[in-house]
Amino acid sequence: MSSKNQPHSTFRPSMGWLHTWSGLLLGTLLFTVFFMGTLTVFNAEIDRWMQPETRFSADFHTAFNHDDILELVGSERPDATFSRFSISMPEARRPFVVVYAQHEDGEFELFRLDPKSGALLPEAGSYGGTGFFYQMHIRLFMPGVAGWWIVMFAGLAMMLLVITGVIIHRKIISDFFTFRPEKKLRRSSLDLHNLTGVVFLPFHFMIALSGLMIFSGWYSSIFFSHLPGESGKRVAELLYSADEYGVFARDALGEPAGEIVPVAPLVDQAEAIWTARYGEPASADYVDLRHMADANGYVAIRRVFPDRRVEQGVDKIVFDLSSGEQLADFQPTAVRSAQKWIAGLHFIQFEHWPLRWLYFMGGLAGCMMIATGFIFWTAARRKKGKLQPFKVRLVECISVGSTIGVVVATGVFLVVNRLLPNGAAAFGLDRAQLEVGLFFLAWILAFVHAGFRKNASWADQAWVLAALCISAVLLNWATTGDHLVATTNGRLWAVAGVDLVLLTSAALAVWSASRLRRRGRVRTDSRMRLRGKPVIGTAVE
Amino acid sequence: MTRDKFSNASLMACRIVAILLGGYALWSGTVVLVGVALSSLPLGSGDGIVIASFLGFFFYLGIVIGGFAAPLRWRPATVIVVLGTIAVFLALCFAPEGITP
């Protein structure tokens, strides 16, 4: 092995090598997962921005119970036979009823109901924050298990990078207080990389570990399920069943159901059991009816996020749909509670707005850490003249496309959401698919642009981002009438918040672009002076 | 790329893959074995596997860091692959009877 590529023989330099190369090779993936996760912190608010028909007032309390909702959905589709219904009642961040109904052929249909009138909301025509950003975060919007696997790998890589980053930094305390923006790019980007890494170190470690903990048993079970022979599959099943504690499954009997019992009293009964058990008022937030047309039908009543606390709930009571008999009652053990608490740290469904904003800031700091890592690597190699110009250019192109390119594509996604008319379709894609298609097209173009414009592409894309953010706010106003004054007066904080974040992003993008342009001009001037040519333009720094 | 460089790069890639995949086998096998051991304790249903899975992440990170801490010679990669194979074999032998579902 040539000495140039050989990892060092002592511990700290070896960790430096591991940190650099895993960061460089996985930076694109990590940035995407981190950025999409950061947006997912406000997924419900982005949903309401992207789906204006859901912009109800803050009062989400509904007069309908679960039986009324079943009847309302049934009256919308009188000829359909459904085998499954899952009902989520309105809550503060999502003030409307959500029903997923499964037809007998297995197809799912989404119904969203007005919490006051019970009227069916029109088709969303957009995946929104939950349907796209969240899906990008957890599985890169890929079908099958491949996306889950890649994101799991990213989570492990993130933990590895955090640990090796701590090992290689000798002066972790001084890193906390060091940022020299006036220095050369190589120095200032490393300062910012260290600063964001050190200040948000506990957050980065917690968010990577809690993300991995959500499917902790699944990773090992997948390994065994792919081994040849029956033993491996048996071990995988055992691991999976241990991981999926609280899963109740009963096959359909194949006999038609008679009259099913009313669901609302069963929900009241489950809530009474939990209230007596925990000594405080408890309410169900998710009701799942299975095999509705079959004699073996049952309903599972859950507290997924009890009272909007951190912990993800395991509480689940199952009743027979024909007789109303209680079939199962899952309660969390101490170990489960600990695991679900850690998972709950990642899901962020708790009711605590300052903490939610801190998560958002932590996510952005993670994005900045990854982006500055890229920038430092390129700047350092260019300075040392270690790499051929083509290789530096390639990494720079990847850096731009992987970081600001994703952000620009997100801006395109939001602008397209406000530009496309309802019911739009083209190339065999419906409106929601067109939004996603244009996101990926914009992302690819960001890479191509970076390839052509080299170093100038940072500033170019920052200008584009600023324009997109401002356009999104103006288009939201033009298409819905919800400008900032109206949304704040109407207490539509979700919409106002998204608009404000977009405007702040635009301001930051303009500031960054003008700074980058000045730096670029100064560098050009310096080169011209060295070559003895006349200087055009003003040197600012 | 010269022939030597190509040969070195492919050898290094093989070692890295051996550490990552061998480590994954060792991680999975050990999670099952620790889960089996913990299932003999008076814990709740499936709790042993949850604890073992939690510890498993740190174990895997330890394997990767340990594997890369030494210069990329064959020895650490080989040790990890051999231990991983043994752990998976033992897990297949003991797990079906040992884990409390």
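# Briefing on a predicted two-chain model

Phe111(A) is buried, with a relative accessible area of 1%. The structure described here is a predicted model. Phe111(A) is also among the 28 residues of a nonpolar core that lies apart from the largest one, which has 116 residues. The points below cover the cores, the aromatic pairs, one helix packing, chain B and the surroundings of one methionine.

**Nonpolar cores**

- The largest nonpolar core comprises 116 residues, and the residues with the most contacts inside it are Phe224(A), Phe439(A) and Trp27(B).
- Helix H1 of chain A, residues 11–40, gives the most to this core, contributing 12 residues.
- Another core, of 28 residues, lies apart from it and includes Phe111(A), Ala282(A), Met292(A) and Val299(A).
- Setting aside neighbours within four places in sequence, Phe224(A) is in contact with residues of chain A, namely Gly232(A), Lys233(A), Val235(A), Ala236(A) and Leu239(A).
- On the side of chain B, the contacts of Phe224(A) are Ser28(B), Gly29(B), Val32(B), Val88(B), Ala91(B) and Leu92(B).

**Aromatic pairs**

- Over all chains, a search of the whole structure finds 29 aromatic pairs.
- In one of these, the ring centres of Phe82(A) and Phe111(A) are 6.3 Å apart and the planes stand at 85 degrees, so the pair is edge-to-face.
- Phe82(A) belongs to strand S1 (residues 82–88) of chain A and Phe111(A) to strand S3 (residues 108–113) of chain A, so the pair ties together parts that are 29 residues apart in sequence.
- Phe82(A) has a relative accessible area of 8% and is therefore buried, the limit being under 20%.
- Phe132(A) and Phe439(A) form an edge-to-face pair as well, with 4.9 Å from centre to centre and 75 degrees between the planes.
- This pair links distant parts of the chain, since Phe132(A) lies in helix H4 (residues 128–139) of chain A and Phe439(A) in helix H16 of chain A, 307 residues apart.
- Phe132(A) is buried at a relative accessible area of 0%, and Phe439(A) is buried with a value of 0%.
- Phe132(A) and Phe439(A) belong to one aromatic cluster, which also contains Tyr127(A), Phe133(A), Phe141(A), Phe413(A), Phe440(A), Trp443(A) and Phe447(A).

**Packing of helices H16 and H17 of chain A**

- Helix H16 (residues 431–453) and helix H17 (residues 457–480) of chain A pack with their axes 9 Å apart and at an angle of about 140 degrees.
- H16(A) and H17(A) are therefore oblique to each other.
- Ala446(A), His449(A), Ala450(A) and Arg453(A) in H16(A) meet Ser457(A), Asp460(A) and Gln461(A) in H17(A).
- By class, this contact has two nonpolar, three polar and two charged residues.

**Chain B**

- Chain B has three helices and zero strands, and along the sequence it follows the pattern α-α-α.
- Of its 101 residues, 48% count as buried.
- Among contacts in chain B between residues at least 6 apart in sequence, 81% join residues at least 24 apart.

**Surroundings of Met368(A)**

- Met368(A) lies in helix H13 (residues 353–384) of chain A and, at 38% relative accessibility, counts as partly exposed.
- Leaving aside neighbours within four places in sequence, Met368(A) is in contact with Leu192(A) and Thr196(A).
- Met368(A) and Thr403(A) are 35 residues apart in sequence, with 8.9 Å in space from C-alpha to C-alpha.

Key:
Residues numbered from 1 in each chain as written. Chains lettered and ligands numbered in written order. Predicted model: local features only at pLDDT ≥ 70, side-chain atom pairs only at ≥ 80, totals over all residues. Heavy atoms only, no water. Core = buried A, V, L, I, M, F, W, Y, C linked by side-chain atoms within 4.5 Å. Buried < 20%, exposed > 50% of the residue type's maximum accessible area, 1.4 Å probe, protein only. Helix = DSSP H or I, 4+ residues; strand = E, 2+ residues; numbered from the N terminus. Contact = heavy atoms within 4.5 Å. Axes fitted to C-alpha atoms, helices over the stretch in contact; angles between N-to-C directions. Parallel < 35°, antiparallel > 145°, perpendicular 65-115°, else oblique. Nonpolar A, V, L, I, M, F, W, Y, C, P; charged D, E, K, R; others polar. Phe/Tyr/Trp six-rings, centres within 6.5 Å; stacked < 30°, edge-to-face > 60°.
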